[in-house]
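Hi,

Here is the structure I promised to pass on. Have a look at it first, and then read my notes below.

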Protein chains: 2
Amino acid sequence: MKKYDKSKFKIKWLSSSTSDAWLKQAIEHPIEVLIDHAHCERKAAGVALQLMFRYLCEPGLSEVLSPLAREELEHFERVLSLLSSRGQSLKQLAAPPYGAVLAKNIRKDEPSRMLDSFLVAGLIEARSHERMSLLALNSPDKELRALYKDLLQSEARHFCLYWTLSEERFERRIILTRLEELAQIEASALSKLHPYPRFHS
Amino acid sequence: MKKYDKSKFKIKWLSSSTSDAWLKQAIEHPIEVLIDHAHCERKAAGVALQLMFRYLCEPGLSEVLSPLAREELEHFERVLSLLSSRGQSLKQLAAPPYGAVLAKNIRKDEPSRMLDSFLVAGLIEARSHERMSLLALNSPDKELRALYKDLLQSEARHFCLYWTLSEERFERRIILTRLEELAQIEASALSKLHPYPRFHS
């Protein structure tokens, strides 16, 4: 089994940096962003489980995706609990186009579908990580800064994990070419700030 | 919030006991039953998550179903790991009709759909618990006896949990009437031993 060797190779997931406008919007609407964050965590668990169910007999996949799904659910519960402590609860939020745009670009045929699914999941984790870092540093709310700081490290592990799953199954050259294409699409989906305050607005 | 008071009220989930024929079949095919068990655990996690996603804003539901899904995934990983230690791995198995028969009997309109979903999930947990108890006592394989014994207690908590979710939202009289109907269907689905050795054959 090939392993991603951190010492020799650093992957650049994101092809753009988050704008100051997003950070301002997120800081001005902390509860809405927190509710959206809860949704992001449960959706990330859902994606991990969906991939595990789709590729059920792929060796070494369930062993990675099941603990990942559990961790996403733990984060979901943590955000729920913080919301509850502030008298808030989960509610439906209109989603920004981000997730749908990325999902639409996952190719339909195997094995491209598997690679694209891993890369899209990794890109979303990488963007969440970047934005959590911004909030961990810049949120004026001490409790939120602490929450984002705690969750950061897991998010970083998550996109590494999707990289490893890819590299165990595809040539690095093929992965990097496709990652660049998807990263452009991801950046483009965020190029104009969405009017609703969301984690991926 | 109403709570199920164990001291005053004992719920009888199952309307039939597992046959000696099933136990004999399961003991004769431990690996096949173990692989099927792994599938049962991942499907149980999937059901908990599916219910959580469907009734996302139902107060107090995510807080219960998310940890439940995590626990089912933990069991899934534990069974995977035991399979792996014996040189076995997950593989697709033809499913017995059990799950499909029960799913077909979940009514389509709300709130009946919610109640039936809780009761069907609870019935499956109750049956798994009953059969794990049999294997924990009767399996000739020491390691399997220990596994089933460990998992038993969680399974018992799981069907209590589905009872509590029901009782928080529906009248006891209505729940018990519907449970009796579904329990008859569940028992009938198992009345003739399925030729494939499965947890719910």
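A quick word on terms before anything else: helices (H or I, at least four residues) and strands (E, at least two) are DSSP runs, numbered from the N terminus. This is a predicted model, where local features need pLDDT of at least 70, side-chain atom pairs count only at pLDDT 80 or more, and totals for chains, interfaces and linings use all residues. Residues are numbered from 1 along each chain as its sequence is written, chains are lettered from A and ligands numbered from 1 in the order in which they are written, and side-chain values use heavy atoms, with hydrogens and water left out.

**The fold of chain A**

Chain A has seven helices and zero strands, so to speak a pattern of α-α-α-α-α-α-α when read along the sequence. Its radius of gyration (taken over C-alpha atoms) is 17 Å, close to the 17 Å from the globule rule (2.2 Å times the number of residues to the power 0.38) for 201 residues, so chain A is as compact as a globular protein of that length. The C-alpha trace of chain A spans about 45 × 35 × 30 Å along its principal axes.

**Cis bonds**

Most peptide bonds are trans. In chain A, though, Glu110(A) and Pro111(A) are joined by a cis peptide bond, with omega about 0°. Pro111(A) sits in the loop between helix H4 (98–104) and helix H5 (112–138) of chain A. Chain B has a cis peptide bond between Glu110(B) and Pro111(B), with omega about 5°, and Pro111(B) is in the loop between H4 and H5 of chain B.

**How the two chains pair**

A turn of 180° and a shift of 0.0 Å along the axis lay chain A on chain B with an RMSD of 0.0 Å (superposed by least squares on the C-alpha atoms of residues with pLDDT of at least 70 in both). The two copies are thus related as by a two-fold rotation axis. Arg70(A) is the residue of chain A that comes closest to that axis, with its C-alpha at 2.6 Å. Both copies use the same surface: 100% of the contact residues of chain A (contact means heavy atoms within 4.5 Å) recur in chain B.

Each side brings its share, with 24 residues from chain A and 24 residues from chain B. Together they bury about 2,000 Å², 72% of it on carbon and sulfur atoms; buried area is the accessible area (1.4 Å probe) that two parts lose on being put together, summed over both.

**Salt bridges across the interface**

A salt bridge here is a side-chain nitrogen of Lys or Arg within 4 Å of a carboxyl oxygen of Asp or Glu. Four of them cross the interface of chain A and chain B. One of these links Arg70(B) and Glu77(A) at 2.7 Å, N to O. Helix H2 (30–54) and helix H3 (62–85) of chain A are the elements that give two or more residues to the side touching chain B, and H3(A) gives the most, with eleven residues.

Over all chains, the structure holds 36 salt bridges. Among them is the one between Arg70(A) and Glu74(B), at 3.7 Å, N to O. Arg70(A) is in helix H3 of chain A and Glu74(B) in helix H3 of chain B, so this pair joins two chains.

Cheers
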